[in-house]
Each structure stands twice: as C-alpha cells, then as structure tokens.
Amino acid sequence: MVPFRLLFPTAIALFSLLASLKPASALPPPEDLPEEVLRVEILTEARSPLNGEPLSAAEYAQLRARLAERGFPPEIAPNIRQLIFMLELRRLINTVSPIPLL
C-alpha cells in the first residue's frame, strides 16, 4: 500500500500537469493551401529548361514542342563524354569493390 504522504504530492503534480495541457489541433493552419487545390492550379509562368529565364505559358509550350521535335540528343564534347564514362565506371567499381575509390 502506498503511503498517503507520497500519494498526495503525486496527485497534485499530475493535476497541475493536466491543467497546463492545451487541446491539440490536428487541422493545418487556415492559410495553408490543401494539396488538392495546388494540384489543379493553372500555371501561367514557367522557367526555360535551357537557361532558366522566365517564360510565359505559351512560350514554354512552344519551347517544349521544339525540344520534342529533336530526334537525337544534343552534342556533347568528347572530353565531357569521356569524363561521364569514367564517373559511371567509378560508380560501378565502387558498388562491386569493398574498398571505395577516392
């Protein structure tokens, strides 16, 4: 049996703790837009994938169509192509080898 002199301070501490708690709010703040609204929002401006400059929606659509017409990827300098190959080879060796290359 727990002595009364230990039970009373514990009850007071528990009561004061419960009194200081505020009800939790599970709802987001009202200024936060729901994802469903953001998903259907119509974009009226965009950025160019080539140089990052701002474009209107019509200019962006024209640029995307022009880029889609290309049947081949853009030319890459031979030294850059070799560097990409070496980095991919290094990644392959690092996945297979227990000792990582620096």
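Leu50 sits in the loop that links strand 1 and strand 2, and this is a good place to begin looking around the predicted model. Its relative accessible area is 58%, so Leu50 counts as exposed, a label that applies over 50%. Even so, Leu50 has partners from further along the chain: setting aside neighbours within four places in sequence, Leu50 is in contact with Leu63 and Leu67. Take Leu63 and find its C-alpha atom. The C-alpha atoms of Leu50 and Leu63 are 9.4 Å apart, although 13 residues separate the two along the chain.

Now move back to Ser48, which belongs to the loop between strand 1 (45-47) and strand 2 (54-56). Is Ser48 buried or exposed? With a relative accessible area of 8%, Ser48 is buried, because that value falls under 20%. Which residues does Ser48 touch, not counting those up to four places away in sequence? They are Glu53, Leu55 and Leu63. You have met Leu63 already, as a contact of Leu50.

With this loop in mind, let us step back to the whole chain. The protein chain has four helices and two strands. Read from the N terminus, the order of these elements is α-α-β-β-α-α. Of the 102 residues, 3% count as buried. The accessible surface of the chain is about 10000 Å², and carbon and sulfur atoms account for 67% of that surface.

Next, follow the chain to helix 4, which covers residues 78-96 and includes Val96. Val96 has a relative accessible area of 66%, so this residue is exposed by the over 50% cut-off. Val96 also takes part in a nonpolar surface patch of about 570 Å². Its fellow members are Phe85, Met86, Leu89, Leu92 and Ile93. Try picking out these side chains in the structure above.

Finally, how confident is the predictor in what you are looking at? The average pLDDT of the protein chain is 79, and 85% of the residues score at least 70. The elements do not score alike: helix 4 has the highest mean pLDDT, at 91, while helix 1 (residues 4-20) has the lowest, at 69. Keep those two values in mind as you compare helix 1 with helix 4 on your screen.

How values were computed:
Residues numbered from 1 in each chain as written. Predicted model: local features only at pLDDT ≥ 70, side-chain atom pairs only at ≥ 80, totals over all residues. Heavy atoms only, no water. Patch = residues over 30% accessible without salt bridge, like charges linked within 9 Å, V, L, I, M, F, W, Y side chains within 5 Å. Areas by Shrake-Rupley, 256 points an atom, 1.4 Å probe, with all protein chains shown as cover. Salt bridge = Lys/Arg side-chain N within 4 Å of Asp/Glu carboxyl O. Buried < 20%, exposed > 50% of the residue type's maximum accessible area, 1.4 Å probe, protein only. Contact = heavy atoms within 4.5 Å. pLDDT = per-residue confidence, 0-100.
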